[in-house]
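Work through the exercises below with the structure open beside you. Try each task before reading its solution.

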Amino acid sequence: MVKNLESLKERGFSYSVNPRTKEEWIYLYYCAIAEMPPVHVHNLRRAYVEKYVLDHYSVQIGPDDLLAGTVSPCYELSDEERALVEKGQEIERLAGAIGGYQTGGTEHRVIDYEKLLRLGIEGILSEIDEKLSRLSYADADYCEKQAFYQSCKISLQAVCDFAKRYSIALREKSVSESDDARSASLMKMSEILEQVPLRPARNFYEAMQSMWFVQYCLRIVNDITLTGRLDNYLYPYYEKDLREGLITKDFAYELICQLFVKHNEIYETWPASVMVGGVDRQGHPVWNDLTAMCIDAIGDVGLINPSVAVCYTDDMPEELLDKCVDMVAKGYTRPSIFNDRIVQQGLREAGVREEDARYYVHSTCVEITPIGCSNISVATPYININKAFEYIFGNKKQIYGDGCAIEGLDFELSSLKTFDDFYNLAKQAVSEIIKNNLEWVSQQLFATAKYKSCPMSSAFLGDCLENGKDSAEGGARYNFVYPCFPGFVNFVDSLSAIKKAVYDEKIVTLEEMAAALADNFAKEEDIRQYLCNRCPKFGNGEDDADAFGVEMYEFLKEELKKYRVQTGGTFHSSYFAWIMHGHLGARAAASPDGRRQGEALSECLGSVQGMDKNGPAGVLRSIRKLDQKSGIGGIATNFRFAKNFIDSKKGHDAVKNFIRTFFKSGCFEIQFNVVDQKDLIAARENPEKYRTLMVRVAGYSDYFVNLDPVIQDEIIRRSEHGDI
């Protein structure tokens, strides 16, 4: 039984929807800029920012806290403070990235918590001192490495000083507390923060507090790192304490529930990853008490965070898979489930070491990041390849909204006599879209490497200390970039529709298609219905449409191989959307698959919303034809089931068997929505009555009432399956 769980949950929810939780650290960030001493190296400037924020951030202690580290929920700026913020904003505006104040963090990684727990920050500081002592002024990179190491020391010492302030505040609060049990709890927390994160963790409670406190510090300096494989690195401490009688399962579970609530307090609805199961770095299976506790806590806490996922292996215990299906059936949208075999294969093919390929995390949505050694840029950028059709049908310019990012293709619509002519032109246009988008990305990453840094997190990322280089500059072991393609299935379905409607059946000419797209099918509803309902669709196991899916999937993969970034990273495709399928769709014209102007694009690797006419099995028959191990940038596949189906014994067993078949077929990831259509419609009309209604969007979960109406409509349009 978790004490005071309801009040903790209410606080976690209220923080997660309170925009003012960021105000204090934003204020301190601009104070740091306004009061910056004369430091001329960007690493040290950033370290000063991190130190200033941690030195001045207020200590927050909730009435039921067992873990220290949360945000200030109601910080109010005085007129004097607002003036200081404005001064800092003006300095930053004038300096831009060159100022060196901004974080070089990716917001999508997990630091090496094992190293933190094993050595403590004092051990890492000793390692840095040893590196500094071996530098020689005769070396060409002496100044660069010296600045990097010094910046890490400044930031790490600031974490320790902040922990000391927390410890003192907890001790003082303990002395004034009238309730003996609470007083003892506060004193225990104080003693823990005297030990960690400065020194190595000695037990489960210290290990969890050390991990959380460092993660919390990184959050309030806006260099997000995530929890990662909780049941892996914390289990040795739990198992030892349990064996020696130093902890009970109930108290360990209470700490995990507290940790889950804390995720909601500091991350709001940002999908903060906890991944369980799979294997450890040595390849040993990881299925233990903590795995089960993390799945159970999804339901008991019942809030949107953390973004819990399971690494599926063939030896996953039956009872744990049952737990996963039970949670989904209750409408919690989590856990999502990843195919450990396929993810590992993809990472190894991308050049990741064996031990690192085994130990990864879904870094927020479905993006795959090796733990403790990565500076990976995910969803960078989101690319709408359907703009290729706008360019072709719009006489070399966009029909609506955003530009097409294409220049110089020489063609006339009337010259496209065969489908092969059209198809080849479409691929040329897609190639141009990718090239121009990646050129922009490379420029952004160049500026990040040159002028931004993240000294605190770099101290915990291999091989930054070994290389004497910040992770933003390429010091980390892996520096991949993951462009994302929302609307990929719209593109595939559009090719299929053009081939059948224009070239095979001659229902419409290219010129008539161009006119229909330009006026959003206003006078061509019969044509739109034909495109929607009579043309083959990907996600139904139809060979004609699936062939385009396979070919374009491989085409995008090969196009990305042409490019690299300054830090040595390679590009790898991803197929999910976060919320960008709505944003990109809102700025795009109607498409040849029958999608109307402004509607959301397809959100995952499955089918266009509502077009999976042959059920989940049809989706599986299509997507298993794709080489999904190459999708380490992240692949989401959404399914929506009727609640009365999955609640039944037959439905539960059918979903469980479908999951196993899905992964044996070589598919990457699976995630679920179980919510009645009437509830979605009612929530849209009366949001105040459905404030905690959760939905899977496109790789992550959110409260339905938080979503843009375009996204709400897209979720409502998804097929609700009552069988498999």
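**Exercise 1.** At roughly what angle do the axes of helix 17 and helix 20 cross? Use the angle to classify the pair, then describe the contact.

*Solution.* The model is a predicted one.

Step 1. Find the two elements: helix 17 covers residues 419-451 and helix 20 covers residues 488-504. Their axes come within 10 Å and cross at roughly 155 degrees.

Step 2. Apply the cut-off: angles over 145 degrees count as roughly antiparallel. Helix 17 and helix 20 are therefore roughly antiparallel to each other.

Step 3. Add the hand: the crossing of these two helices is right-handed.

Step 4. List the contact residues. Helix 17 contributes Phe419, Phe422, Tyr423, Ala426 and Val430, while helix 20 contributes Phe491, Leu495, Ile498, Lys499 and Tyr503.

Step 5. Sort these residues by class: nine are nonpolar, one is charged and none is polar.

**Exercise 2.** Which kind of aromatic pair do Phe338 and Phe668 form? Locate both residues and decide whether each is buried or exposed.

*Solution.* Step 1. The whole structure holds 39 aromatic pairs. In the pair of Phe338 and Phe668, the ring centres are 6.2 Å apart and the planes lie at 70 degrees. Planes over 60 degrees apart count as edge-to-face, so the pair is edge-to-face.

Step 2. Phe338 lies in strand 3 (residues 336-339), and Phe668 lies in the loop between helix 27 (649-664) and strand 9 (669-673). The two residues are 330 residues apart, and their pair links distant parts of the chain.

Step 3. Buried means under 20% relative accessible area. Phe338 has 0% relative accessibility, so Phe338 is buried. Phe668 is also at 0% and therefore buried.

Note on methods. Residues numbered from 1 in each chain as written. Predicted model: local features only at pLDDT ≥ 70, side-chain atom pairs only at ≥ 80, totals over all residues. Heavy atoms only, no water. Axes fitted to C-alpha atoms, helices over the stretch in contact; angles between N-to-C directions. Helix = DSSP H or I, 4+ residues; strand = E, 2+ residues; numbered from the N terminus. Parallel < 35°, antiparallel > 145°, perpendicular 65-115°, else oblique. Left-handed = near helix turned anticlockwise from the far one by under 90°. Contact = heavy atoms within 4.5 Å. Nonpolar A, V, L, I, M, F, W, Y, C, P; charged D, E, K, R; others polar. Phe/Tyr/Trp six-rings, centres within 6.5 Å; stacked < 30°, edge-to-face > 60°. Buried < 20%, exposed > 50% of the residue type's maximum accessible area, 1.4 Å probe, protein only.
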